[in-house]
Amino acid sequence: SSFPGLAGQRSAMSTTSYARDAFDAFHSGANSKCGELLDQISAMKGSVDVKVAHNKLLNDYYTSGCADPQQLLAQLTQAHDKARERDKKDKGRKKRDEDEEDAYREDEDLGVLRYNQALLCLQLRQHVQASLILEEL
């Protein structure tokens with residue numbers, strides 16, 4: 001590949017295609033297929049991606065029949081904390097050519113995760129915690 005950017009574009013296109021298929025599988029109730037596709041996306045990306053991790057947790061939650069909102073809340077909190085830790089470590093060595101759009105997208109992904117945490121807090125009648133999370137957004 002004499003064009004280094006081309007491989008990255010192909011990878012982005014294939015993850016987008018897999019993401020679309022995972023979305024369709026989730027919405028049609030094919031949770032095991034959705035989980036497989038999310039695992040493939042995760043493997044293609046090669047690093048922890050907040051959105052993929054979040055979607056895997058939600059898919060697992062729906063697969064279980066939404067049986068344990070407290071467990072999902074704990075898992076989302078763990079995913080959020082892990083992303084914040086990674087951000088702190090990366091702050092000192094951010095690539096100068098990092099796309100502002102990527103940083104914005106990751107902030108947006110964390111915002112969606114936090115919003116879902118707040119919804120679970122409401123479902124679990126943890127109103128103060130829900131308010132604190134929403135105020136942070």
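Visitor: Let's start with Arg-114: is this residue buried or exposed?
Guide: Keep in mind that we're looking at a predicted model. The cut-off for buried is under 20% relative accessible area. Arg-114 comes in at 10% relative accessibility, so this residue counts as buried.

Visitor: Which residue does the side chain of Arg-114 meet in a salt bridge?
Guide: Side chains of opposite charge can pair when their charged atoms come close. Here the N to O distance is 3.1 Å, and the partner of Arg-114 is Glu-136.

Visitor: Why does the pair of Arg-114 and Glu-136 tie together separate parts, and how many residues apart are they in sequence?
Guide: Start with the 3.1 Å salt bridge between Arg-114 and Glu-136. Arg-114 sits in helix α5 while Glu-136 belongs to helix α6, so the pair ties together parts whose separation in sequence is 22 residues.

Visitor: And how does Glu-136 count in terms of accessibility?
Guide: Exposed needs over 50% and buried needs under 20%. Glu-136 has 47% relative accessibility, so Glu-136 counts as partly exposed.

Visitor: How many salt bridges turn up in a search of the whole structure?
Guide: One of them joins Asp-39 and Lys-56, at 2.9 Å from N to O. Another is formed by Lys-45 with Asp-49, where the closest N and O atoms are 3.1 Å apart. Add the Arg-114 and Glu-136 bridge, and the search of the whole structure gives a total of 3.

Visitor: Which helices hold Asp-39 and Lys-56?
Guide: These two side chains meet in a salt bridge. The pair ties together parts that are 17 residues apart in sequence, because Asp-39 and Lys-56 lie, in that order, in α2 (residues 31-45) and α3.

Visitor: What is the relative accessibility of Lys-56?
Guide: Its partner Asp-39 counts as partly exposed at 42%. Lys-56 also falls into the partly exposed class. For Lys-56 the value is 28%.

Visitor: Which elements give two or more residues to the largest nonpolar core?
Guide: In soluble globular proteins, nonpolar side chains tend to be buried together. This core has 16 residues, and Val-50, Leu-57, Leu-72, Leu-76, Leu-113, Leu-120 and Cys-121 touch the most other members. The elements giving two or more residues are α3 (50-63), α4 (69-91), α5 (100-123) and α6 (127-136).

Visitor: Zooming in on Leu-57, what is this residue in contact with beyond its neighbours within four places in sequence?
Guide: Leu-57 is among the core members that touch the most others. Once neighbours within four places are set aside, the contacts of Leu-57 are Leu-72, Gln-75, Leu-76 and Ala-79.

Visitor: How many residues make up the second, separate core?
Guide: Its members include Ala-25, Leu-37, Ile-41 and Val-52. This core is separate from the 16-residue one, and its residue count is 7.

Visitor: Now the aromatics: what kind of aromatic pair do Phe-26 and Tyr-62 form?
Guide: The structure holds 2 aromatic pairs. For Phe-26 and Tyr-62, the centres are 5.2 Å apart and the angle between the planes is 80 degrees. An angle over 60 degrees decides the class, and this pair is edge-to-face.

Visitor: How many residues apart in sequence are the parts tied together by Phe-26 and Tyr-62?
Guide: The rings of Phe-26 and Tyr-62 are paired edge-to-face. Phe-26 belongs to helix α1 (residues 4-27) and Tyr-62 to helix α3, so the parts they tie together have a sequence separation of 36 residues.

Visitor: Which residues do ring pairs link into a cluster?
Guide: Tyr-62 is partly exposed at 46%. The rings of Tyr-61 and Tyr-62 have centres 6.0 Å apart and planes at 90 degrees, so that pair is edge-to-face. Tyr-62 also pairs with Phe-26, and the linked cluster is Phe-26, Tyr-61 and Tyr-62.

Visitor: Last one: which element gives the most to the nonpolar surface patch?
Guide: The patch covers about 450 Å² and is made by Tyr-115, Leu-119, Leu-122, Leu-134 and Leu-137. Tyr-115 is partly exposed, with a relative accessible area of 42%, and lies in helix α5. With 3 residues, the element that gives the most is α5.

Note on methods:
Residues numbered from 1 in each chain as written. Predicted model: local features only at pLDDT ≥ 70, side-chain atom pairs only at ≥ 80, totals over all residues. Heavy atoms only, no water. Core = buried A, V, L, I, M, F, W, Y, C linked by side-chain atoms within 4.5 Å. Buried < 20%, exposed > 50% of the residue type's maximum accessible area, 1.4 Å probe, protein only. Helix = DSSP H or I, 4+ residues; strand = E, 2+ residues; numbered from the N terminus. Contact = heavy atoms within 4.5 Å. Salt bridge = Lys/Arg side-chain N within 4 Å of Asp/Glu carboxyl O. Patch = residues over 30% accessible without salt bridge, like charges linked within 9 Å, V, L, I, M, F, W, Y side chains within 5 Å. Areas by Shrake-Rupley, 256 points an atom, 1.4 Å probe, with all protein chains shown as cover. Phe/Tyr/Trp six-rings, centres within 6.5 Å; stacked < 30°, edge-to-face > 60°.
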